[in-house]
Amino acid sequence: MTALLLRDLKLSVRAGGGALIGVLFFMTVVAVMPFGVGPDLNLLARIGPAIVWIGALLSALLGLDRMFQTEREDGSLDLLLMQEHPLVVTVLVKCIAHWLANVLPLVIASPLLGLFMNMSEVAIGAVMLTLLVGSPALTLIGSVGAAVAVTLPRGGLLVSILVLPLCIPVLIFGVSASYAAVEDPAPFLPPFLILAAITMFFAVLGPVGAALALRNAGD
Amino acid sequence: MTESLAITKFSDLANPTRFLALAQRILPYMAGVTALLFAIGLTMSFTTEGDYQQGDTVRIMYIHVPAAWLSMMCYSVMALSAIGTLVWRHPLADVSHKAAAPLGAAFTLVALVTGSLWGKPMWGTWWVWDARLTSVFILFLMYLGLIALNRAMDDPSRAARVSAVLILVGFVNIPIIKFSVDWWNTLHQPASVMRMDGPTIDGEFLRPLLVMALAFTMLFFTLHIAAIRNEIWRRRIATQRRMAARLAGRGD
């Protein structure tokens with residue numbers, strides 16, 4: 001399992017893996033926002049957490065369709081399906097590797113984008129913390145979509161369409177926790193704990209669903 | 001004993017010919033009952049007095065509420081069929097959830113459009129991003145996504161199994177829709193018919209509403225069975241075409 005983790009990490013960091021493309025896309029999405037809503041710093045500070053969250057959500061979806069597809073193309077997916085370890089664990093490991101390689105850089109880049117958005121230090125910290133806790137859920141939900149669309153030649157857009165509706169609760173609680181950290185009357189902890197609960201819930205449901213879909217998608 | 005009998009009856013339906021025979025027999029009756037219920041329901045909804053505050057717009061409720069209920073029930077039917085696909089490999093279940101998705105999308109669209117038409121005079125706006133409206137809209141998007149997924153794959157049995165997984169994962173949304181008005185304090189009113197302490201809605205409005213709900217349910221099942229039948233026919237025609245093409249190739 002560790003070998004699989006390392007292999008996936010190496011593959012995505014090397015050229016053609018596209019791990020850093022996600023970060024670039026994230027920065028571009030966030031940088032486009034001020035052009036759309038105007039460079040009013042107060043407004044940007046107010047909607048900043050939401051923009052950073054939406055940018056992270058979109059960029060996390062970006063690499064999802066490649067999660068199992070490269071394996072399917074070179075045939076190693078069949079080896080993963082046939083090995084003795086339960087497929088659910090394999091999928092979970094692949095999710096962790098995908099998260100480490102593609103989504104963790106987004107979390108690390110988010111404070112910088114928070115500065116661009118003129119957000120306060122507390123807000124930046126809150127956004128980073130909620131992203132750290134909430135983004136694994138995005139990958140785990142996305143693994144189901146990736147597994148469902150694994151046999152489709154151009155499933156990238158379809159994966160996003162299928163996965164986005166399921167990601168909305170993560171977005172809601174992530175953004176509301178970030179706002180609660182800045183605005184005084186709302187407590188920070190309840191939405192944050194719900195966010196953690198969603199992540200843990202999908203840590204169970206996501207790999208099970210993805211494994212089921214992978215078994216059934218095989219020819 | 002009766003239960004095992006019911007199970008045998010149910011697995012008998014796995015034979016498409018038996019299902020087609022059954023559909024042939026019951027569809028005319030179901031269509032008749034649906035038409036009758038709609039006739040009664042629509043007459044009742046147009047003869048009752050309007051609300052003293054909302055006037056005639058309250059009649060939108062007789063379409064809006066049943067359509068919204070049905071949009072959720074359709075997803076539950078699809079989830080049950082998805083379990084049937086994955087657990088029992090029931091061939092009819094594959095066809096069933098594929099046929100139900102466009103119906104569900106249609107009912108959800110009706111609920112959204114009528115809700116929007118009702119919202120304009122009552123709330124003063126076509127659309128608000130309130131929890132219930134948003135989650136129903138997401139349900140609509142999920143239906144469309146499932147239809148897209150089904151259409152993207154050419155092998156029907158694989159498409160059925162894969163979309164069954166997705167249906168079950170997406171089933172998480174149904175309780176969110178159901179309880180969204182209780183969990184979040186929003187513009188959309190909380191449930192007023194299905195309550196533990198009896199309906200809070202007046203009998204004057206409740207009677208036509210229930211008849212209309214029954215009519216919509218019958219409409220759904222009629223259309224669903226007809227859609228399953230059409231899908232079976234479509235697959236048979238595809239198979240026969242393929243066989244004919246093979247024979248034609250050999251005939252030279």
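The dialogue below walks through a predicted model, taking chain B and its contact with chain A in turn.

Visitor: Where should I begin with chain B, and how many helices and strands does its secondary structure come to?

Guide: A useful start is to list the elements before looking at any of them closely. In this predicted model, chain B comes to eight helices and zero strands, and from the N terminus on its elements run α-α-α-α-α-α-α-α. Of the 252 residues in chain B, 32% are buried, and among contacts between residues at least 6 apart in sequence, 78% join residues at least 24 apart.

Visitor: Which elements of chain B have the lowest and the highest mean pLDDT?

Guide: It helps to read the confidence for the chain and then for each element. Chain B averages a pLDDT of 80, with 81% of the residues scoring at least 70; among its elements, helix α1 (residues 2-12) of chain B has the lowest mean, 63, and helix α3 (residues 61-88) of chain B the highest, 87. For the complex, the predictor gives an ipTM of 0.71 and a pTM of 0.78.

Visitor: How do I read a single helix, and where in α2(B) does a kink lie?

Guide: One can set the span of a helix beside its expected span, and then look along the axis for a bend. Helix α2 (residues 16-47) of chain B has 32 residues and reaches 44 Å from its first C-alpha to its last, which is close to the 46 Å expected at 1.5 Å a residue. The kink in α2(B), of about 35 degrees, lies at I26(B), shortly before the proline P28(B).

Visitor: Which residues of α2(B) are buried?

Guide: An α-helix has 3.6 residues a turn, so residues three or four places apart point the same way. In α2(B), the buried residues are T34(B), G41(B) and S45(B).

Visitor: How many residues does each chain give to the contact between chain A and chain B?

Guide: A contact can be read by its residues, its elements and its classes. Here chain A gives 15 residues and chain B gives 16; on the side of chain A that touches chain B, the elements giving two or more residues are α7 (121-148), α8 (156-182) and α9 (189-217) of chain A. By class, that side of chain A has 13 nonpolar, two polar and no charged residues.

Visitor: Which residues have the most contacts inside the largest nonpolar core?

Guide: That core has 114 residues, and those with the most contacts inside it are A147(A), V148(A), A213(A), V165(B) and L166(B), while α7(A) gives the most to this core, with 14 residues. Taking V148(A) as a case, and leaving aside its neighbours within four places in sequence, V148(A) is in contact with L162(A) and A213(A), and also with L149(B), V162(B), V165(B) and L166(B).

Note on methods: Residues numbered from 1 in each chain as written. Chains lettered and ligands numbered in written order. Predicted model: local features only at pLDDT ≥ 70, side-chain atom pairs only at ≥ 80, totals over all residues. Helix = DSSP H or I, 4+ residues; strand = E, 2+ residues; numbered from the N terminus. Buried ≥ 20, exposed ≤ 12 C-beta atoms within 10 Å, placed from the backbone. Contact = placed C-beta atoms within 7 Å. Nonpolar A, V, L, I, M, F, W, Y, C, P; charged D, E, K, R; others polar. Core = buried A, V, L, I, M, F, W, Y, C linked by C-beta atoms within 7 Å. pLDDT = per-residue confidence, 0-100. Expected span 1.5 Å × (residues − 1). Bend = angle between axes of the 7 residues up to and from the residue.
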